[in-house]
Amino acid sequence: MLILRGHHLICLHFFSGEGYDTPFVENLRDIMKRAKDEEIEITSDADNICVKCPYLKGHKCAYDENADEEIKEMDKTALKFLNLGTRQKITWQTVKEYIPVVFQEWHDRYCNECNWKQACKKSDFYQEMKRR
Ligand code: SF4
């Protein structure tokens, strides 16, 4: 079973092959493959993506001074938008069906200020969501 945190349930849909380093990207590709068949349990903490992130220190994001707090806030917002909760189990396909419903609000709130915007813009699904 995959363990994923709230904001990854949205952002991962727009993965375009870019990431911090090779192990991180390879792990993302593996998670995308596994997500087709495996159930996902939602966590409020570091998840199967975070474990390969070079900025993970202990269980916390050390990307910058406020990163861990900001990411936890993103997780909460994502789960609120998706109407999901921690420890709940869900499939990737079910989450994907919600993305068109939540994308505009998510985009307006987070994407414009996000360091990964240029990478997500390369995703066909991201462009499809923007055209709606
Ligand atoms: S631009 Fe940032 S916030 Fe928006 S979907 Fe991509 S990673 Fe998530």
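Let me begin with a definition: two residues are taken to be in contact if their C-beta atoms, placed from the backbone, lie within 7 Å. On that basis, and bearing in mind that what we are looking at is a predicted model, Ala78 is in contact with Gly6, His7, Leu9 and Ile10, once its neighbours within four places in sequence are left aside. Ala78 also belongs to the largest nonpolar core, which has 23 residues, and there Ala78, together with Leu4, Leu9, Ile40, Ile49 and Leu82, touches the most other members. Two or more residues of this core come from each of H1, H2, S2, H3, H4 and H6.

Let me turn to helix H4, which spans residues 92–109 and has a kink of about 60° centred on Val102. Buried in H4 are Trp92, Val95, Phe103 and Trp106, and the buried residues of this helix pack against helices H1 (6–11), H2 (22–35), H3 (67–82) and H6 (124–131), as well as against strands S2 (40–43) and S5 (89–90).

Next, the sheet. It is an open one, made of three strands in the order S1-S2-S5 with mixed pairing, and its edges are S1, residues 2–5, and S5, each of which pairs on one side only. S2 and S5 run antiparallel and are joined by two bridges, with Glu41 standing opposite Lys89 of S5.

The loop between H3 and S5 deserves a moment of its own, since Asn83 lies there, and Arg87 does too. As a general matter, most residues other than glycine have a negative phi. Asn83, however, although not a glycine, has a positive phi of about 60°, and Arg87, again not a glycine, has a positive phi of about 75°. Are these two residues buried or exposed? Because a residue counts as exposed when 12 or fewer other C-beta atoms lie within 10 Å of its own, Asn83, with 10 such atoms, is exposed, and Arg87, with 8 C-beta neighbours inside 10 Å, is likewise exposed.

Finally, the ligand. Which residues surround it? They are Cys11, Phe14, Tyr110, Cys111, Cys114, Trp116, Lys117 and Cys120. By character, this shell divides into seven nonpolar residues, no polar ones and one charged.

Technical notes. Residues are numbered from 1 along each chain as its sequence is written. This is a predicted model: local features need pLDDT of at least 70, side-chain atom pairs count only at pLDDT 80 or more; totals for chains, interfaces and linings use all residues. A residue is near a molecule or strand if its C-beta atom, placed from the backbone, lies within 6 Å of it. Ala, Val, Leu, Ile, Met, Phe, Trp, Tyr, Cys and Pro count as nonpolar, Asp, Glu, Lys and Arg as charged, and the others, Gly among them, as polar. The bend at a residue is the angle between axes fitted to the seven residues ending there and the seven starting there. Helices (H or I, at least four residues) and strands (E, at least two) are DSSP runs, numbered from the N terminus. A residue is buried if 20 or more other C-beta atoms lie within 10 Å of its own, exposed if 12 or fewer, and partly exposed in between; C-beta atoms are placed from the backbone. Two strands pair if DSSP finds at least two bridges between them. A nonpolar core is a set of buried Ala, Val, Leu, Ile, Met, Phe, Trp, Tyr and Cys residues joined through C-beta atoms within 7 Å.
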